[in-house]
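Good morning, colleagues. I shall take a few minutes to go through one structure, beginning with its aromatic residues and then turning to a helix and to the charged pairs.

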Amino acid sequence: EMEERDLHYGGVLGTRKRALSGIEPEVEAASEDARDVEIAQAVREQIVERPDFGDLVDDCLDALGKGYSAVEVMWDTSTKQWQPSEFKWRDPRFFNLCQVNGQELKLITEDNMMGESLAPYKFIVHKPRLKSGLPIRGALARLASVAYLCKGVALSDWMVFAELFGMPIRVGKYGNNATPQEKATLRAAVASLGSDAAAIMPES
């Protein structure tokens, strides 16, 4: 929600993401050995030649704001050599950091709300080291959340003020024989004076 509604936060976070996702990936063999060259070519096919690898990088960079990001690997097992057929970004709310060490990412299930260990070779997890210590305390959203809250409240107040500025104030009057219920109704109108530009006062 912060990325969608806060222009400054979304812009800064987007700049950080595009600075990395715009880099053209390169794969080099560890040596001239035939096995190393073969491994490098296999990796090159999965990175450089895959059109969705850029999307995978963008999804992993979601961790900048939230402290971690998990992308599920959908494996194609129809051939002898398994291949990733698709990379699917998963909502961070489906995961939980280990309550013991605060580092290991766990998958929340119906049977275990504290989270279970991730299945091997099933998830690509990115935890950027933006700050020493626990990953959750290094998330950029944690730093910006208070400012976002204050800015959002202030902005909504300014929009109400801009809408009502210059409008004549409406005044409601009640007689001396007004019932307590009638006065309470008018008093409720006074409570919304800031947004409705209305007030009440006795006729006398």
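I begin with two phenylalanines, Phe95 and Phe123, both of which are buried. Please keep in mind throughout that this is a predicted model.

How many aromatic pairs does the structure hold? There are two of them. In one, the rings of Trp75 and Trp82 have their centres 6.5 Å apart. Their planes stand at 50°, so this pair is classed as tilted; the tilted class takes in what is neither under 30 degrees nor over 60. Trp75 has a relative accessible area of 34% and is partly exposed. Trp82, at 49% relative accessibility, also counts as partly exposed, because the exposed class begins over 50%.

Phe95 and Phe123 form an aromatic pair as well, and this one is edge-to-face. The distance is 5.7 Å centre to centre, with 90° between the planes. Where in the chain do these two residues lie? Phe95 belongs to strand S3, residues 95–97, and Phe123 to strand S6, residues 123–126. The two are 28 residues apart, and the pair thus links distant parts of the chain.

Let me return to the tryptophans. Trp75 is found in strand S1, which covers residues 69–76. Together with Trp82 and Tyr121, Trp75 makes a nonpolar surface patch of about 420 Å².

I now turn to the helix at residues 140–164, H6. Helix H6 has 25 residues and reaches 36 Å from its first C-alpha to its last. That is close to the 36 Å expected at 1.5 Å a residue. Nevertheless, H6 bends by about 30° at Val146. Which residues of H6 are buried? They are Leu140, Ala141, Ala144, Tyr148 and Leu164. Just after the helix, Gly166 takes a positive phi of about 90°.

My last topic is the charged pairs. A search of the whole structure finds eleven salt bridges, and I shall describe some of them.

Glu1 forms a salt bridge with Arg5, and their closest N and O atoms are 2.8 Å apart. Both Glu1 and Arg5 are exposed.

Lys66 forms a salt bridge with Glu3, with the closest N and O atoms 3.4 Å apart. This pair links distant parts of the chain: Lys66 sits in helix H5, residues 63–66, and Glu3 in helix H1, residues 2–5, 63 residues apart. Lys66 counts as partly exposed at 29% relative accessibility. Glu3 is likewise partly exposed, with a relative accessible area of 33%.

Arg50 forms a salt bridge with Asp52, the closest N and O atoms being 3.0 Å apart. Is Arg50 buried or exposed? Its relative accessible area is 15%, so Arg50 is buried, the limit for that class being under 20%. Asp52 has a relative accessible area of 21% and is therefore partly exposed.

Finally, salt bridges that share partners join Glu3, Lys17, Asp62 and Lys66 into one network. The bridge between Lys66 and Glu3, described a moment ago, has both of its residues in that network. Thank you for your attention.

Notes. Residues numbered from 1 in each chain as written. Predicted model: local features only at pLDDT ≥ 70, side-chain atom pairs only at ≥ 80, totals over all residues. Heavy atoms only, no water. Helix = DSSP H or I, 4+ residues; strand = E, 2+ residues; numbered from the N terminus. Expected span 1.5 Å × (residues − 1). Bend = angle between axes of the 7 residues up to and from the residue. Buried < 20%, exposed > 50% of the residue type's maximum accessible area, 1.4 Å probe, protein only. Phe/Tyr/Trp six-rings, centres within 6.5 Å; stacked < 30°, edge-to-face > 60°. Patch = residues over 30% accessible without salt bridge, like charges linked within 9 Å, V, L, I, M, F, W, Y side chains within 5 Å. Areas by Shrake-Rupley, 256 points an atom, 1.4 Å probe, with all protein chains shown as cover. Salt bridge = Lys/Arg side-chain N within 4 Å of Asp/Glu carboxyl O.
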